[in-house]
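Visitor: I'd like a close look at one helix in this model, and then at the aromatic rings elsewhere in the chain. Could you walk me through it with the cut-offs spelled out?

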Amino acid sequence: MNEIKGYVITLRDVTQRKEMEQKIRYHAYYDSLTGLANRVLFKDRVQQALGYAEDNKEQLAILFLDVDRFKNVNDSMGHEHGDLLLKQVAHRLREVMGTSDTLSRQGGDEFTVLLLGKNNIKEVQCKANSIVEAFQHPITINEIDHFITVSMGISLYPFDSDNVEGLLKHADTAMYRCKEAGGNQFQFYHPEMETEMMERMKLETALFKALEYEEMDLYYQPQFNMKTKELVGIEALIRWDHPSYGRLSPDSFISLAEETGLIIPIGEWVLRKACRQMKEWMASGMKPVTIAVNISPRHFSHSSFIENVQLILAEEEIDPGQVELELTENLLMHNNEKNAGKMEVLRSMGLDLAIDDFGTGYSSLRYLKDFPVSLLKIDRSFIDSMNKDTKSAAITKSIIAMAHNLELKVMAEGIETEKQVEVLLEQDCLYGQGYLFSKPMAAEDIFTTYGPVDIKRRSVE
């Protein structure tokens, strides 16, 4: 009979393997940047929640969130800075989540939320409002304040869909509707949004062909010294003559151009055409004035922006001192050496730099002194309400005084009444533009009205 004489014991340290398995499982279900559930885990939890909701005749809601204008941060500050901002966004969102809610990062700047136990729309609205309110205060990254807002679309089970993909798709559609409406809000999905989304896709396709088919054109709005009535500048404004939709204003397609990246070739086309037009006017005997061109944050942040500006000025043979680039206030809010350096180069080339729609960013005052700008343009919303609202009047007066203290020119946008002119002149704001003086005009109408004959007489009478 065989008899056991002893044992052979083999020991193996599997700690590393177990840790690796745990790490693999973690990355399979959680986002490595924020630590939130990823899209795989989120879909799994929604699927489980749908089964429970069906069995118990309950409702649930899916929220699809996107950080408004996050691409501007990435383009101007870099991806590392953007990642730090996303981590803080995730932290803010966690603070308003309930114990039964599931928060996930879908990727990029998109987040989703699964809400359970919300059996009426009011409860969902309350949660959505709390998310919007969570971003009422700035997020500070490396001593830079970011005023972040979110766009949020909401879909409901069982009303909008009975499956995971359908609920996510409809919430995503509603979110894009919010972004088109300006962001910083939420909307519930409704079926009409699908039709609107299809129209948006058609518009996007048409936008890719608009420059090639020469459907874009520029209109020009005069700018005046309101005291002397003299023409001092002309702002170039893009219009799109769509073959089916008719003439479209920038509000209907510029945000789409930003998203698709088409804003870069469009911006270069606008700058070139505006410079060429100014050269033609002067060749015909028109008095030299400044031509103002709007530059989007994405265009400004492009690596070849300065080189392209230099090329256009050289090829169109126009004095850089006659060109004014209008930048968004957002560039001041994202103060950094890269943006400031670019602006210094542009100023050294002889171009003027203006900050457009000034007053809407709220945090830019602390950075204004660091940028080589020459003009502030007061946002039209303050001009429109300054005779009716004491706060708007106070802000307008403060902007004008501050601009003068910094030795900057200041221009008011959207002037529509003589009373506005009177108040602005009393506050020593000399420059303005708006429908009171002139609507945007075709190039030939600008020359007819402000051509080589007595500019003063034919300015603002």
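Guide: Here is the helix, followed by the rings and then the whole protein. This is a predicted model, so to speak of local features we need pLDDT of at least 70, side-chain atom pairs count only at pLDDT 80 or more, and totals for chains, interfaces and linings use all residues. Residues are numbered from 1 along each chain as its sequence is written, and side-chain values use heavy atoms, with hydrogens and water left out.

Let's start with H9, residues 263–283. Helices are DSSP runs of H or I with at least four residues, strands are runs of E with at least two, and both are numbered from the N terminus. The expected span is 1.5 Å times one less than the number of residues. For the 21 residues of H9 that gives 30 Å, and its end C-alpha atoms are 30 Å apart, which agrees.

Which residues of H9 are buried? Among them are Ile-263, Ile-264, Gly-267, Val-270, Leu-271, Ala-274, Met-278 and Trp-281. Buried means under 20% relative accessible area, exposed over 50%, and partly exposed in between, with a 1.4 Å probe and protein chains only. Seen down the axis of H9, the buried residues fall within an arc of 165°, so they line one face of the helix; the arc is that of the directions from the helix axis to the C-beta atoms. After H9 comes Gly-285, with a positive phi near 105°.

Now the rings. Those of Phe, Tyr and Trp (its six-membered ring) pair if their centres lie within 6.5 Å; planes under 30 degrees apart count as stacked, over 60 as edge-to-face and the rest as tilted. That rule yields six aromatic pairs. One of them, Phe-186 with Phe-188, is edge-to-face, at 6.3 Å centre to centre and 80° between the planes. Phe-300 and Phe-305 make a tilted pair, at 5.5 Å and 50°, and both are buried. Ring pairs also link Phe-224, Phe-437 and Tyr-450 into a cluster.

Phe-300 has a charge over its ring too: the charged end of Lys-342 sits 5.4 Å from the ring centre. The cut-off here is NZ of Lys or CZ of Arg within 6 Å of the ring centre and within 35 degrees of the ring normal. Lys-409 lies over the face of Tyr-431 in a similar way, 5.6 Å from the ring centre.

Zooming out, the protein has 17 helices and 16 strands. Its C-alpha atoms fill a box of roughly 125 × 50 × 45 Å along the principal axes, and 50% of its 461 residues count as buried.
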